[in-house]
Amino acid sequence: MRSFSIYWLLALGASIAPVTVAAQTPTRPAATAPSTAAQADTILKSSLRVYLDCQGGVRGCDRDFFVQELGFVNWVRDRFDSDVHLLITSLNAGNGGRELTINFLGQKAFSGKVDTLVVNTLPNDADDRVRRELVRTFQLGLAPFIARTPIASRLRLSLASGPAPQQINPRNVKDRWNFWLYRIDGNLSANGEQLVRSTNLSTSLSAARTTADWKINLGASGSYNERDFKVFVTDTDNPDLRDTVSVIVLQRAASTNALIGKTLTGHLTAGLKISGGFSEVLNQKVSMRLAPAIEYNIFPWTEATRRQLTLLYTLGLNHYQYYNTTVFGQDRETRGNQSLLIATSQRQKWGNTNLSLEGSHYLHDPQRNLLTLSGFVDLRLGRGFSLNFRGSASRVRDQIYIAGNARSERDILTQRQQLQTNFRYNMFVGVGYTFGSIYNTVVNQRFGTLGESGRRFGFGGG
């Protein structure tokens, strides 16, 4: 028996297909046929208005491509002008790819009409494949909305012959990898000038197995960072001459980690975190940690693409060996600590937020603690007006690893080792206001690449 996959076409003027394919429309004599401009004007007045909202940098979300491929809708620049708010969110999938959730949120005359479709991608899928799959899904999801517009008579449904793709059920599929996913990465970067040179090497290995009941993540990474500064010094034999000497700063680190999580209910998860490694910056010759953890999500995990409110508690045991004796006179120590993280994530049509508050302290001395507030907020407050903020602020009192010997001026300037501090912060605030045409969806890529000089003078590409 042959199976079929569904697709649909909409013939709306020369931008999609010849006008003659529109059924139930008598063919006009050439002399009275409407001009292309007149057709475009008619489409602008009667077509569905769609606002594209790709939150979190969704891979394959190419607005210019969608505008060109789906010319039968009006792509507006503000959600307040749209009939359908196309909200796209994504989550990591167990195969290393992404699960893209497309929400079709009706507005104005379509208020209350909501639909959701899902696209699954593989980790090595090309961006072009992802964006074409999104186009196909947009067509399917927008069809019920277009069916209620004046151009519905030009909507056509059809069947593409061929076998329909089978949905894989992890419970009954035979997988020779047993749902394990492996990844190896290596990176080399170098930059330099006449007096400064920097080289960075890094590598990482990871293995992960994800099912509905279990989540296992294993990983290892290492980094080597070398900076070479040419410093001018006075020639001892001739004070009128200056020589250059190299000052080399090395920063090396490596780590291994494991996370095992077990689903208990639709809201509750238990797990275990194990890690080990070393870091010259943190004065840690050996660092090991074992920490059971429990996490509770106020909302069901089935709603994770749209909203989360989680509480994560860990109680761990840490062992450290140091390169240099610490400010507390320790060469090695074993300490217990506990932490509580409260995090919320919202992805709605008014914008998205991601906020977290984390507190931790060592059990042997509660005054050795850390409190951190961080997150970002991206709000669409009104017609054309947006506000975004990201940053973090920490009160730091848990640096038990700080070396006790005096830091040299060179170590301070090159940040060779972590310096003692009572606080850290970073912040960014942005405000934007867009006004003008809501209909202009013309794609023109000319002068899209202006090279180094274009970037220097502030010209944007694309």
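**Exercise 1. The disulfide.** Is cysteine 61 buried, partly exposed or exposed? Find its sulfur partner too.

Before we start: this is a predicted model, where local features need pLDDT of at least 70, side-chain atom pairs count only at pLDDT 80 or more, and totals for chains, interfaces and linings use all residues. Residues are numbered from 1 along each chain as its sequence is written, and side-chain values use heavy atoms, with hydrogens and water left out.

*Solution.*
- Take the cut-offs: buried is under 20% relative accessible area, exposed is over 50%, and partly exposed is in between (1.4 Å probe, protein chains only).
- Cysteine 61 comes out at 23% relative accessibility, so it counts as partly exposed.
- Its disulfide partner (sulfur atoms within 2.5 Å) is cysteine 54, with 1.5 Å between the two sulfur atoms.
- Cysteine 54 is partly exposed as well, at 25% relative accessible area.
- Searching the whole structure turns up one disulfide.

**Exercise 2. The five-stranded sheet.** Work out the strand order, then see what lies across the sheet.

*Solution.*
- Get the elements from DSSP runs: helices are H or I with at least four residues, strands are E with at least two, and numbering goes from the N terminus. Two strands pair if DSSP finds at least two bridges between them.
- The order in this open sheet is β3-β2-β4-β5-β6, and the pairing is mixed. The edge strands, β3 (74-75) and β6 (114-120), each pair on one side only.
- Look inside the sheet: β2 (residues 49-54) runs parallel to β4 (residues 84-92), joined by five bridges. Aspartate 53 has leucine 87 of β4 as its bridge partner.
- Now add helix α3 (residues 127-146), which lies across β2, β3, β4, β5 (98-106) and β6, at about 25° to β5. That angle is between N-to-C directions, from 0 to 180 degrees, with axes fitted to C-alpha atoms, for helices over the stretch in contact.

**Exercise 3. Just past the helix.** Which residues does arginine 148 touch, not counting residues up to four places away in sequence?

*Solution.*
- Locate arginine 148 in the loop between α3 and β7 (155-161). It is exposed, at 57% relative accessible area.
- With contact meaning heavy atoms within 4.5 Å, arginine 148 touches Phe110 and Lys113.
- For phenylalanine 110, the C-alpha to C-alpha separation from arginine 148 is 9.1 Å, against 38 residues in sequence.

**Exercise 4. The twelve-stranded sheet and a pocket.** Trace the sheet, then find which strand gives the largest share of the lining of the second largest pocket.

*Solution.*
- The open sheet runs β8-β9-β10-β11-β12-β13-β14-β15-β16-β17-β18-β19 with antiparallel pairing. β8 (180-192) and β19 (423-433) have a single partner strand each, so one side of each lacks a neighbour in the sheet. From one strand to the next, the twist averages 10°.
- β13 (residues 284-297) and β14 (residues 307-322) pair over eleven bridges. Arginine 289 is bridged to asparagine 318 in β14.
- Both of those residues turn up in the pocket: Arg289 and Asn318 are among the five lining residues nearest its centre, out of 31 in the lining. A pocket here is an open set of points on a 1 Å grid over the protein atoms alone, where a 1.4 Å probe fits, with protein on both sides within 12 Å along at least five of seven lines; lining residues have an atom within 4 Å of a point.
- The answer is β12, with six residues.
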